[in-house]
Amino acid sequence: MVDILERIPDSDPLANAQQLKTIDRIIDEHKDTPGSTMVVLNEMQSVIGFISVPMQAYVAKRLQVPQKAVHGVISFYSFFTTQPTGKHVIKFCMGTACYVGGTEQLIDKAKQVLGIAPGETTPDGEISLEICRCVGACSQAPVIVIDDKVFGRVRPNKMPQLIKELQN
Ligand code: FES
């Protein structure tokens, strides 16, 4: 844990005085609340936009909980991200109906067009690809969600156009 905090990259929110102040404020506000780890991480995700590995170590240190526990929460809930996400996010539903309906082919097409895989962001910071669980629109499978808007019965040949619209 100490090692991670000794080598904080310049790009990390912990290395930015303003963001560090925000992070400290969130921790100070909630550190005595029951279930503080979840509450702190939740607010940090929505305010900062992601929770890097050094940020996880910092939260663990300040809340005096094992870093493993913080990491466990982050990896269990899909709404936590460990890297900054792009301006636009395309989520691919991996629920059973969508998976059977062809989600993998949609991902392959998006990979081909953007050159990135789920969990990654384009180098210009414009578009991130993510996997999500069932969004409750199974009858429309396969489903993707672009910036919280649901698109159903998407075919692979539709992907380039959808991506192009985001880029314009
Ligand atoms: S499985 Fe994709 S919306 Fe339900």
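**Pockets, a cavity and a helix pair**

The largest pocket holds about 270 Å³ of space. That value, like the others today, comes from a predicted model. Sixteen is a long list to read out, so to speak, but of the 16 residues lining this pocket, Phe 80, Thr 81, Thr 82, Gly 119 and Glu 130 are the closest to its centre. Strand β2, residues 127–132, gives the most to the lining, with four residues. By class, the lining of the largest pocket divides into six nonpolar, eight polar and two charged residues.

Next, the second largest pocket. About 220 Å³ of space lies in it. Here I can give you the lining in full: Gln 45, Ser 78, Phe 79, Thr 81, Thr 85, Val 89, Lys 91, Glu 130, Ile 131, Cys 132, Asp 147 and Asp 148. Two elements, β1 (88–93) and β2, give two or more residues to this lining. The largest share is three residues, and it comes from β2. Strand β2 therefore turns up in both pockets, as does Glu 130: β2 gives the most to the lining of the largest pocket, and Glu 130 is among the residues closest to the centre of that pocket while also lining the second largest one. Thr 81 is likewise on both lists. The classes in the second largest pocket come out at four nonpolar, four polar and four charged.

Now for closed space. How many cavities of 30 Å³ or more are there? The count is one, and about 40 Å³ of space lies in the largest cavity. Its lining is made up of Cys 93, Gly 95, Thr 96, Ala 97 and Cys 98, together with Cys 134, Val 135, Gly 136, Ala 137 and Cys 138. Helix α6, residues 96–101, supplies the largest share of that lining, three residues. Seven of the lining residues are nonpolar, three are polar and none is charged.

Last, a helix pair. Two packed helices are described by the angle between their axes and the distance between the axes. For helix α3 (residues 36–48) and helix α4 (residues 53–63), the angle is about 145 degrees and the axes are 11 Å apart. The crossing of α3 and α4 is right-handed. Which residues meet there? From α3 they are Ser 36, Thr 37, Val 40, Leu 41, Met 44 and Ile 48, and from α4 they are Met 55, Val 59 and Leu 63. Sorted by class, this contact has seven nonpolar residues, two polar and no charged.

Terms used:
Residues numbered from 1 in each chain as written. Predicted model: local features only at pLDDT ≥ 70, side-chain atom pairs only at ≥ 80, totals over all residues. Heavy atoms only, no water. 1 Å grid on protein atoms, 1.4 Å probe; cavity = no way out; pocket = protein on both sides within 12 Å on 5 of 7 lines; lining within 4 Å. Points joined across faces, edges and corners; volume = space filled by probe spheres on them. Nonpolar A, V, L, I, M, F, W, Y, C, P; charged D, E, K, R; others polar. Axes fitted to C-alpha atoms, helices over the stretch in contact; angles between N-to-C directions. Left-handed = near helix turned anticlockwise from the far one by under 90°. Contact = heavy atoms within 4.5 Å.
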